[in-house]
Amino acid sequence: MPMAATRTDPPVHVVLRRFDEVDLPALVALWNEAFCDRHNFWPLTAQVFRRRVLTSPAFDPGGLILAWAQGEENSMLVGFVHAFKPAPRLGQYRNWPPQHQIALLYVRPGYRRQGVGSRLLQAAENWLYYCPVHIGGDGMACYGLLEGPMPPFFGSTDRLAIEAAGAAEEIKLIHFLARRGYAVDDAGDVSMVLALDGAHQA
């Protein structure tokens, strides 16, 4: 009778810390891995992320929190959350509602159900230190319509954190947030299409 397999890998310790410029390559790589299956995915580059997010007046590195799995010899980025306090009333933000927001929350699949997502969400909420907190939405600072719906970020046709298509991963995220007291505030727009047959074509 074969012996049961035993786990010999050392336990992984996950550390949360705020974003630093040296983290950008790892963040871009995980971003492209996380969102590559979206129907309007466009590969993210460090240059685009720097221009669209890091130089925005809405960006505060304290709100971009990364989860690093610490191994004996190296570490790996396994998750992130990005929160925003109300942006300075400048430029395109001048007339925007002063909301406290979480743009997105992502944990690498192999590290889910280990408390990493809960820790990231709690860290973002602690940093915001305010209620209510809005999650997702096309008006999200840096990622949404405000700066323009352009690749690789999502605009008028998608919600960044919660995609309307109802993919299995998004449903899991909705349930995860619901268990923590979040509720749907705006279900979003409904897109409709009309198939034109020969009778309707000019």
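This is a dialogue on reading a predicted model, feature by feature.

Me: Where do I start, and how many helices and strands does the protein have?

Reply: Start with the elements and their order. The protein has four helices and five strands. From the N terminus on, they run β-α-α-β-β-β-α-β-α. Of its 202 residues, 41% count as buried.

Me: Which strand does E2 pair with, and in which sense?

Reply: Pairing is read from the bridges. Strand E2, residues 64-70, runs antiparallel to E3, and seven bridges join the two. The connection between E2 and E3 is a hairpin of four residues. To see the register, take Ala67, whose bridge partner in E3 is Gly79.

Me: What lies on the other pairing of E3, and over how many bridges?

Reply: E3 also pairs with strand E4, residues 100-107, in the antiparallel sense over six bridges. Two positions fix the register here. Gly79 stands opposite Val107 in E4, and Phe80 stands opposite Tyr106 in E4. Gly79 is thus a residue to look at twice: its partner in E2 is Ala67, and Val107 stands opposite it in E4.

Me: In which sense do E4 and E5 pair?

Reply: E4 and strand E5, residues 133-135, pair in the parallel sense over three bridges. One of the contacts to check is Gln101, whose bridge partner in E5 is His134.

Me: How should I think about the side chains along such strands?

Reply: In a regular strand the side chains alternate between the two faces of the sheet. Burial then tells how far a strand is covered. The cut-off for buried is under 20% relative accessible area.

Me: How many residues of E3 and of E4 are buried?

Reply: In E3, residues 75-84, eight of the 10 residues are buried, so the strand is largely enclosed by the rest of the structure. For E4 the count is eight of eight, so E4 is likewise largely enclosed by the rest of the structure.

Me: Now the helices. Which residues of H2 are buried?

Reply: For a helix, list the buried residues and then look down the axis. In H2 the buried residues are Val48, Phe49, Arg52, Val53 and Leu54. Seen down the axis of H2, they fall within an arc of 165°, so they line one face of the helix. Gln47 and Arg51, on the other side of H2, are exposed.

Me: How does the span of H3 relate to the expected value?

Reply: Helix H3, residues 116-128, has 13 residues and reaches 18 Å from its first C-alpha to its last, close to the 18 Å expected at 1.5 Å a residue. Its buried residues are Val116, Gly117, Leu120, Leu121, Ala124, Trp127 and Leu128. Down the axis of H3, these lie within an arc of 135°, so they line one face of the helix.

Me: Which residue follows H3, and what is the sign of its phi?

Reply: Tyr129 follows H3, and its phi is positive, near 50°. Backbone angles are worth scanning in loops as well. Arg113, in the loop between E4 and H3, has a phi near 60°, a positive value in a residue other than glycine. Cys142, in the loop between E5 and helix H4 (168-179), has a positive phi of about 75° although it is not a glycine.

Me: Is each of these two loop residues, Arg113 and Cys142, buried or exposed?

Reply: Arg113 is exposed, with a relative accessible area of 85%. Cys142 is buried, with a relative accessible area of 0%.

Me: How far apart are Thr55 and Cys142 in sequence and in space?

Reply: Sequence separation and spatial distance are read side by side. Thr55 and Cys142 are 87 residues apart in sequence and 9.5 Å apart in space, C-alpha to C-alpha. Thr55 lies in the loop between helix H2 (46-54) and E2. Thr55 is exposed, with a relative accessible area of 56%, whereas Cys142 is buried.

Me: How many cavities does a search of the whole structure find?

Reply: Cavities are read by volume, then by lining. The search finds two of 30 Å³ or more. The largest cavity holds about 90 Å³ of space. Of the 13 residues that line it, the closest to its centre are Pro86, Ala87, Tyr93, Trp96 and Pro97.

Me: What classes of residue make up the lining of the largest cavity?

Reply: The lining of the largest cavity has eight nonpolar, three polar and two charged residues.

How values were computed. Residues are numbered from 1 along each chain as its sequence is written. This is a predicted model: local features need pLDDT of at least 70, side-chain atom pairs count only at pLDDT 80 or more; totals for chains, interfaces and linings use all residues. Side-chain values use heavy atoms; hydrogens and water are left out. Buried means under 20% relative accessible area, exposed over 50%, partly exposed in between (1.4 Å probe, protein chains only). Two strands pair if DSSP finds at least two bridges between them. The expected span of a helix is 1.5 Å times one less than its number of residues. The arc is that of the directions from the helix axis to the C-beta atoms. On a 1 Å grid over the protein atoms alone, a cavity is a set of points where a 1.4 Å probe fits but cannot get out, and a pocket is an open set with protein on both sides within 12 Å along at least five of seven lines; lining residues have an atom within 4 Å of a point. Grid points are joined across faces, edges and corners, and a volume is the space filled by probe spheres set on the points. Ala, Val, Leu, Ile, Met, Phe, Trp, Tyr, Cys and Pro count as nonpolar, Asp, Glu, Lys and Arg as charged, and the others, Gly among them, as polar.
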